[in-house]
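Me: I'm new to this one, so could you walk me through it step by step? I'll ask, and you take your time with the reasoning.

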Amino acid sequence: MDGLFDPPDDPRAGSAGHGNAGGLTAPPSPTAPLAVRMRPQNLDEIVGQQHLLGTGSPLRKLISGSGAASVLLYGPPGTGKTTMASLIARATGGRFEALSALSAGVKEVRAVIDVARRRLIGDAKNSGQQTVLFIDEVHRFSKTQQDALLDAVENRIVLLVAATTENPSFSVVAPLLSRSLVLQLRSLTDADIREVLTRAVADPRGLNGTVEVTDAAYDHLVAVSGGDARRALTALEASADSTDRIDLADVETAIDRAAVRYDRDGDQHYDVTSAFIKSIRGSDVDAAVHYLARMIAAGEDPRFIARRLMIHASEDIGMADPTALQTAVAAAQVVNLVGMPEAKLALTQATIHLATAPKSAGVVSAIGAALADVESGKAGAVPAHLRDSHYPGAKKLGNGVAYRYPHDDPDGVVPQQYAPDDLVGRDYYVPTDHGLEREIGPRVAKLRSIVRGAVSRRRSR
């Protein structure tokens with residue numbers, strides 16, 4: 001979760017003042033959590049997300065007070081969604097309201113909008129003022145709750161700033177998506193997390209230079225953060241509770257997790273990843289799960305793991321078990337839609353499936369051989385009967401003439417040349433006798449004999 005804010009006791013009364021809802025834009029208390037005290041107060045303090053903050057970008061305009069579009073901020077926890085909302089609220093000069101999708105219903109949403117509408121009109125004493133409505137975890141709103149926002153967003157009664165850790169394409173209704181600017185925040189890099197930590201150690205709002213942190217402690221804080229700045233700062237604060245010199249043991253004790261000898265940017269990253277891949281390829285399910293556990297425990301980006309599984313479902317298994325790719329893709333979707341720590345189960349399931357599946361490199365060999373021919377100039381003209389024949393004059397050029405429609409044949413396969421002349425008879429895909437390919441192999445041979453029959457007969461005349 002990227003920050004929880006309770007709604008005002010009486011939504012009709014609005015917040016206690018601009019920048020006061022839930023303490024989001026008010027100066028943090030000295031006793032507030034370190035992650036709250038270190039929340040960036042301006043654009044220059046934002047770490048990461050530079051792909052969204054370029055000169056003239058919509059998000060920069062919003063944060064500088066010159067934008068007017070409602071925005072959906074989508075990304076992993078601890079990447080700055082709440083910070084962006086805080087800066088937008090401060091920049092607009094409007095009245096700020098915050099609702100949590102965990103506790104607010106349609107009644108609370110409509111009450112805030114009614115107040116915002118009256119506030120925008122103003123009265124004899126006060127000119128109109130826009131309301132910035134921040135909704136955290138908006139994906140938890142039902143369709144009815146989201147629909148209640150549409151008119152207010154459409155007519156700019158409120159400037160909506162919504163945060164979600166889930167892909168809005170799946171979790172936010174289409175009408176609200178079309179009325180909002182959707183911006184995807186990325187996980188912070190190791191360098192970003194290190195900068196956040198060192199700043200918190202030195203900054204008067206943070207630890208004010210009262211503690212020393214060893215390099216090993218920094219490395220471990222970065223590793224276990226998983227790209228989440230809040231997690232890193234929380235671990236740092238817990239580590240500093242009883243010492244003025246934080247070392248690796250202090251961090252391990254504070255977060256109750258043993259240090260894993262794994263460096264996401266160094267040799268161990270590549271070694272463990274390589275061992276993970278080769279264990280899957282070698283069908284050692286136990287070793288594969290072990291290396292998966294090491295990556296998860298060290299805070300490896302789960303999207304990286306999911307990408308490796310999808311790649312190797314085709315590279316090492318392919319048509320020997322076509323369902324392996326489906327499992328890998330499903331695991332990647334779980335990572336995207338559910339997130340960690342629950343997604344570790346789907347990653348484990350996919351790892352076990354791939355490691356225990358029959359293996360084949362037929363997919364790799366097929367595309368490799370085909371690309372080699374293409375790159376060496378063996379492309380050739382597309383046979384005339386296969387060319388596009390839908391535009392005027394195509395038939396006069398011979399395009400599409402004599403094409404045989406396979407579905408007109410009872411077997412669904414007809415003798416017909418498909419490959420360019422120079423590549424007729426070239427076999428790219430060579431099935432193994434592993435898994436499903438044991439059945440696919442004879443079928444491929446039969447299909448080739450039927451399809452190429454016309455060419456063979458023609459050439460034998």
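Reply: Sure, and one term comes up right away: two strands pair if DSSP finds at least two bridges between them. Keep in mind that this is a predicted model.

Me: Good. So in what order do the five strands of the open sheet sit?
Reply: The pairing in this open sheet is parallel. The twist from one strand to the next averages 15°. Reading across the five strands, the order is β2-β3-β4-β1-β5.

Me: Which strands stand at the edges of that sheet?
Reply: A strand at the edge has a single partner strand, so one side of it is left without a neighbour in the sheet. That description fits two strands, namely β2 (95-100) and β5 (181-184).

Me: How many bridges join β2 to β3?
Reply: These two strands run parallel. One position to look at is Phe96, which stands opposite Val132 in β3. For β2 and β3, the number of bridges is six.

Me: Is β2 largely enclosed or largely open, and how many of its residues are buried?
Reply: To count as buried, a residue needs a relative accessible area under 20%. β2 is largely enclosed by the rest of the structure, because the residues that count as buried number five of six.

Me: Which helix lies across β2, β3 and β4?
Reply: Look for a helix that runs at about 175° to β2. The one you want spans residues 106-121, and that is α4.

Me: Let's zoom out. How many helices and strands does the protein have?
Reply: The chain holds 461 residues, and buried ones make up 44% of them. Its accessible surface comes to about 23000 Å², with 53% of that belonging to carbon and sulfur atoms. As for the elements, the count is 20 helices and seven strands.

Me: What share of the contacts between residues at least 6 apart in sequence join residues at least 24 apart?
Reply: A contact here means heavy atoms within 4.5 Å. Taking the pairs at least 6 apart in sequence, the share that joins residues at least 24 apart is 73%.

Me: Now for some helix packing. Are α11 and α12 roughly parallel or roughly perpendicular to each other?
Reply: The axes of α11 (residues 229-239) and α12 (residues 248-255) come within 8 Å and cross at roughly 110°. Angles of 65 to 115 degrees count as roughly perpendicular. The two helices are therefore roughly perpendicular.

Me: And which residues make that contact, by name and by class?
Reply: From α11 come Ala235, Ala238 and Ser239, while α12 brings Asp250, Val251, Ala254 and Ile255. Sorted by class, the contact of α11 with α12 has five nonpolar, one polar and one charged residues.

Me: Where is Ser225, and which residues does it touch beyond its neighbours within four places in sequence?
Reply: Ser225 is in helix α10, which covers residues 215-225. With a relative accessible area of 0%, Ser225 is buried. Leaving out the neighbours within four places in sequence, its contacts are Ile193, Arg231 and Ala232.

Me: What about Arg60: is it buried or partly exposed?
Reply: Arg60 is in helix α2 (residues 58-63). Beyond its neighbours within four places in sequence, Arg60 is in contact with Leu43, Leu52, Leu53, Gly54 and Thr55. Its relative accessibility is 28%, so Arg60 counts as partly exposed.

Me: How far apart in space are Arg60 and Met84, C-alpha to C-alpha?
Reply: In sequence, Arg60 and Met84 are 24 residues apart. In space, C-alpha to C-alpha, the distance is 9.7 Å.

Me: I'd like to look at backbone oddities too. Is Glu137 buried or exposed?
Reply: Glu137 is in the loop between β3 (131-136) and α5 (143-147). Its phi is near 55°, a positive value in a residue other than glycine. Its relative accessibility is 3%, so Glu137 counts as buried.

Me: And Arg156, is it buried or partly exposed?
Reply: Arg156 also has a positive phi, near 55°. You'll find Arg156 in the loop between α6 (150-154) and β4 (158-164). At 47% relative accessibility, Arg156 counts as partly exposed.

Me: Last one: is the peptide bond from Met340 to Pro341 cis or trans?
Reply: Pro341 is in the loop between α16 (323-337) and α17 (343-356). Omega for the bond from Met340 to Pro341 is near 10°, and the bond is cis.

Methods. Residues numbered from 1 in each chain as written. Predicted model: local features only at pLDDT ≥ 70, side-chain atom pairs only at ≥ 80, totals over all residues. Heavy atoms only, no water. Buried < 20%, exposed > 50% of the residue type's maximum accessible area, 1.4 Å probe, protein only. Areas by Shrake-Rupley, 256 points an atom, 1.4 Å probe, with all protein chains shown as cover. Axes fitted to C-alpha atoms, helices over the stretch in contact; angles between N-to-C directions. Parallel < 35°, antiparallel > 145°, perpendicular 65-115°, else oblique. Nonpolar A, V, L, I, M, F, W, Y, C, P; charged D, E, K, R; others polar.
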